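Trainee: I'd like to go through this one and ask how each label was earned. Can you walk me through it?

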Amino acid sequence: NILCITYPIDMGNITLENNLKYLFSDNMDFFSFNQKNNLGHGSFFEQRSLSHKITSTASLRKILKSYSSKNKKIIFNSIGPATWGYGAYNIENCILMLDWTRSFQEFIFKKEIKKDIVHILQSYILKKIPKILCRTDKIMENLATCYGVKNSQMQRIPAPLNIELFNITPRPTPNKPKVLFIGGDFERKGGSLLIDNLDMILKKFDLTIVTQDKKANVKGVNYIDSVSYGSSLHKKIFNDHDIFIFPSKADPYGMVIAEAASAGLAIITTKSTFSSEELIQSGKSGIVVDEPKDCIPALMQLSNNKSSIENFKYNIYKQTHLNFSKTKIRDLYMRAING
């Protein structure tokens, strides 16, 4: 009796879609707002294009009308499909799950919000949706400030995590710990900071960078340009490292933090990676700093403190698997959806 609409336009959203299916395949039907379904073949840009959205809308609206005519619940995992499908569903019987909006980045960096026709339409829709499940406190601030959404409409809930996928017991930390960075958007996620400080880092750590950005393909770096999500190689990469560093300027959530946490890596990231607020207790299960540049001295402080690395690894692994198991996440979501 529930239809979940996903919108897999980048790797983060593909992960969210896979996790939702892992958690709720017995409870929900799924429909991807992605007509050609050819992601992974250089088509991310196409999925974001206006022409693709227009050609995908007919099938979206058809299935929305079918479920709504039977008074079934509609869950949107993005504001995009809720916008393109507006009028084809009963808005009083829908739920929105959210960690991002069109204005989110401007809101984070305190820039002027572009209040065009799409913003006006989405403001109208957002104020009408009775229940919005928000993955971070920051998206709740964004919705209230930029769209006029009431606090009574919003509910804070963890991301749909699959922490069992990377359930890797932390390894003993070697004398020269291994540091890992994973990030497709290399600049925004702070990868250049590692390259700029490479000589200093390599004196104390081995460094692996997983990205398609060739700036990272330099001497001294274990450079990996692509990894299939959830593959044996992906799991081996987590298993072979001790510290995950992610000096991001802004991440609406940051699913890779959850993956590193479930694999028991000591994590260094910024408070602008908004998954850090629920996944990391700074100083106990990792380090959360104010600015991306602060990640480098935080890393160097660990270079002669093997016991802190061990404690971070043990605590993040234990905390993540205790608080975000499949059973707990499922129960939280089903109570929120049906409550």
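**Cavities, a pocket and a sheet**

Mentor: Let's start inside: the second largest cavity is lined by Ile 168, Thr 169, Pro 170, Arg 171, Phe 238, Asn 239, His 241, Ala 263, Gly 264, Leu 265 and Lys 313. Keep in mind that this is a predicted model.

Trainee: What makes a residue part of the lining of the second largest cavity?

Mentor: A lining residue has an atom within 4 Å of a cavity point. Arg 171 and Lys 313 are among the residues that line this cavity, so each has an atom within that cut-off. The space in there comes to about 30 Å³, and by class the lining has five nonpolar, four polar and two charged residues.

Trainee: Which residues line the largest cavity?

Mentor: Asn 19, Leu 161, Asn 162, Ile 163, Tyr 229, Met 255, Ala 258, Glu 259 and Ser 262. Helix α11 (residues 255–262) gives the largest share, four residues. About 50 Å³ of space lies in this cavity.

Trainee: What makes the count for the lining of the largest cavity five nonpolar, three polar and one charged?

Mentor: Tyr counts as nonpolar, so Tyr 229 goes in that class. Glu counts as charged, which puts Glu 259 there.

Trainee: Why is the second largest pocket called a pocket rather than a cavity?

Mentor: In a cavity the probe cannot get out, whereas a pocket is an open set of points. The second largest pocket has a volume of about 310 Å³. Its lining has six charged residues, along with five nonpolar and one polar; Lys 110, Lys 138, Asp 290 and Glu 291 are among the lining residues.

Trainee: On to the sheet. Why are β2 and β6 said to stand at the edges?

Mentor: Six strands form an open sheet in the order β2-β1-β3-β4-β5-β6, with parallel pairing. β2 (29–32) and β6 (154–156) each have a single partner strand, so one side of each is left without a neighbour in the sheet. From one strand to the next, the twist averages 20 degrees.

Trainee: How do you know that β5 and β6 pair?

Mentor: Pairing takes at least two bridges. Three bridges join β5 (residues 131–134) to β6, so the pair qualifies. In one of them, Ile 132 has Met 154 as its partner.

Trainee: Last one: why is Thr 55 called partly exposed?

Mentor: Thr 55, in helix α3, has 46% relative accessibility. Buried means under 20% and exposed over 50%, so Thr 55 falls in between and counts as partly exposed.

Terms used. Residues numbered from 1 in each chain as written. Predicted model: local features only at pLDDT ≥ 70, side-chain atom pairs only at ≥ 80, totals over all residues. Heavy atoms only, no water. 1 Å grid on protein atoms, 1.4 Å probe; cavity = no way out; pocket = protein on both sides within 12 Å on 5 of 7 lines; lining within 4 Å. Points joined across faces, edges and corners; volume = space filled by probe spheres on them. Helix = DSSP H or I, 4+ residues; strand = E, 2+ residues; numbered from the N terminus. Axes fitted to C-alpha atoms, helices over the stretch in contact; angles between N-to-C directions. Buried < 20%, exposed > 50% of the residue type's maximum accessible area, 1.4 Å probe, protein only.
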